[in-house]
Amino acid sequence: RAQVADMQRRVPGGSVVVQFDEPSLPAVLAGRLSTASGWGSVRAVETAEAIRTLQAVLEAAPEHGRIVHCCARDVPLDLLREAGANALAIDAALLTRAHYDALGTAVDAGLSLWLGVLPATDATIALDAARNPILRLWRELGFAEAQLGASVVPTPACGLAGASEPYVRRALTVLRALARALRELG
C-alpha cells in the first residue's frame with residue numbers, strides 16, 4: 001500500500017497498475033508445491049481460502065489496476081476473477097477450449113485479457129504471427145471485433161528478463177503496433 005501511495009504521489013494524474021505474479025497458484029491449489037526440503041508437498045489450499053488471501057493482496061492495488069499474471073497451463077481463471085483481478089495476464093499458447101467459458105465470463109464481467117503472444121526469450125517475431133492467435137481466440141469466444149481493442153492487451157508470454165536487449169526492443173515495437181491494430185478494429 002505504501003509503494004502504491006508513493007507511486008501515485010510521484011506520478012500525479014497517472015494510473016498505477018500493479019501486476020501480481022502467481023505462476024505457482026495452480027500447484028498451491030492442488031497440493032503440488034514442494035516443501036523447502038523437497039521431500040514432501042505443502043498441503044493444498046482450499047479455493048475459498050485462496051480467494052480470501054488474493055482479495056486481501058489485491059486490495060493493496062488501486063481499484064482498477066489489479067492485474068494477476070499466471071503462466072501455468074491450468075490457470076484458475078474463475079478464482080482470479082472472484083478474487084478481484086481487473087485483468088488476467090496469461091500465456092495465449094497455453095489456452096485450450098476448456099478455458100473458454102471462464103475467459104468469456106471474465107470478459108463479460110469487464111476484465112481485460114493480457115494475452116501473452118510473444119516468446120519471452122529471443123525468437124523471430126512478427127506482427128501477423130502475434131495477431132492471429134488473438135483474433136482466432138476472440139472469434140472462438142464469440143465477441144465482436146469492435147470490443148477487442150478495449151478488452152485485450154497483447155504482451156510477452158512471460159517476463160523478458162532472459163531476453164537480449166535487441167529482442168526486447170523488437171518485442172515492444174511489435175506489441176505496440178499490435179495494440180494499435182487491435183484498437184483500429186473497433
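User: In which helix do arginine 9 and aspartate 6 lie, and how should their spacing be read?

Analyst: Helices are DSSP runs of H or I with at least four residues and strands are runs of E with at least two, each numbered from the N terminus. Arginine 9 and aspartate 6 are both part of helix H1, and their separation of three residues is about one turn of the helix. This is a predicted model, in which local features need pLDDT of at least 70 and side-chain atom pairs count only at pLDDT 80 or more, while totals for chains, interfaces and linings use all residues. Residues are numbered from 1 along each chain as its sequence is written, and side-chain values use heavy atoms, with hydrogens and water left out.

User: What do the side chains of arginine 9 and aspartate 6 form?

Analyst: Side chains of opposite charge can pair when their charged atoms come close. A salt bridge is a side-chain nitrogen of Lys or Arg within 4 Å of a carboxyl oxygen of Asp or Glu. Arginine 9 and aspartate 6 form one, with 2.4 Å between the closest N and O atoms. A network of salt bridges links Asp6, Arg9 and Arg10. By this rule, the count of salt bridges comes to nine.

User: Are arginine 9 and aspartate 6 buried or exposed?

Analyst: A residue is buried under 20% relative accessible area, exposed over 50%, and partly exposed in between (1.4 Å probe, protein chains only). Arginine 9 is exposed because its relative accessible area is 57%. Aspartate 6, with 24%, is partly exposed.

User: What is found for arginine 81 and aspartate 78?

Analyst: Their side chains meet in a salt bridge at 3.3 Å, N to O. Both residues belong to helix H4 and are three residues apart, so about one helical turn separates them. Arginine 81 has 23% relative accessibility and therefore counts as partly exposed; aspartate 78 is partly exposed, with 33%.

User: Which residue forms a salt bridge with arginine 131?

Analyst: Aspartate 128 does, with the closest N and O atoms 2.1 Å apart. These two residues of helix H6 are three residues apart, so they too are separated by about one helical turn. Arginine 131 is partly exposed at 22%, and aspartate 128 is partly exposed at 41%.

User: How should one read arginine 66, which has no salt bridge?

Analyst: For charge, Lys and Arg count as positive and Asp and Glu as negative, while His and the chain ends are not counted. Arginine 66 lies in strand S2, residues 66–69. This arginine is buried, and glutamate 63, the nearest side chain of opposite charge, is 5.8 Å away. A polar atom of its side chain lies 3.3 Å from the backbone oxygen of proline 62. Contact means heavy atoms within 4.5 Å. Not counting residues up to four places away in sequence, arginine 66 touches Val18, Leu58, Glu59, Ala61, Gly84, Ala85, Asn86 and Ala87.

User: Which residues have the most contacts inside the largest nonpolar core?

Analyst: A nonpolar core is a set of buried Ala, Val, Leu, Ile, Met, Phe, Trp, Tyr and Cys residues joined through side-chain atoms within 4.5 Å. The largest one here has 49 residues, and Leu103, Leu115, Val117 and Leu118 have the most contacts inside it. Helix H3 (47–58), H4, S3, H5, S4, H6 and helix H8 (165–184) each supply at least two residues of this core. Beyond its neighbours within four places in sequence, leucine 118 contacts residues including Ile125, Thr155, Tyr167 and Leu175.

User: Which residues of helix H5 are buried?

Analyst: In H5, residues 100–108, the buried residues are Tyr100, Ala102, Leu103, Gly104, Ala106 and Val107. Among the elements that cover them are helix H4 (77–83), strand S3 (87–91), strand S4 (112–118), helix H6 (127–141) and helix H7 (145–151). Just after H5, glycine 110 has a positive phi of about 95 degrees.

User: Is threonine 155 buried or exposed?

Analyst: Threonine 155 counts as buried because its relative accessibility is 14%. It lies in strand S5, residues 152–156. Leaving aside residues up to four places away in sequence, threonine 155 touches Trp114, Leu115, Gly116, Val117, Leu118 and Leu175.

User: Where in the protein chain is confidence lowest, and where is it highest?

Analyst: The predictor's confidence in each residue is its pLDDT, from 0 to 100. The protein chain has a mean of 95, and 100% of its residues reach 70 or more. Confidence is lowest in helix H1 (residues 2–10), at a mean of 92, and highest in H4, at 98.

Key. A polar contact is a pair of N or O atoms within 3.5 Å; within protein, one must be able to donate a hydrogen and the other to accept it, and residues adjacent in sequence count only if both atoms are side-chain atoms.
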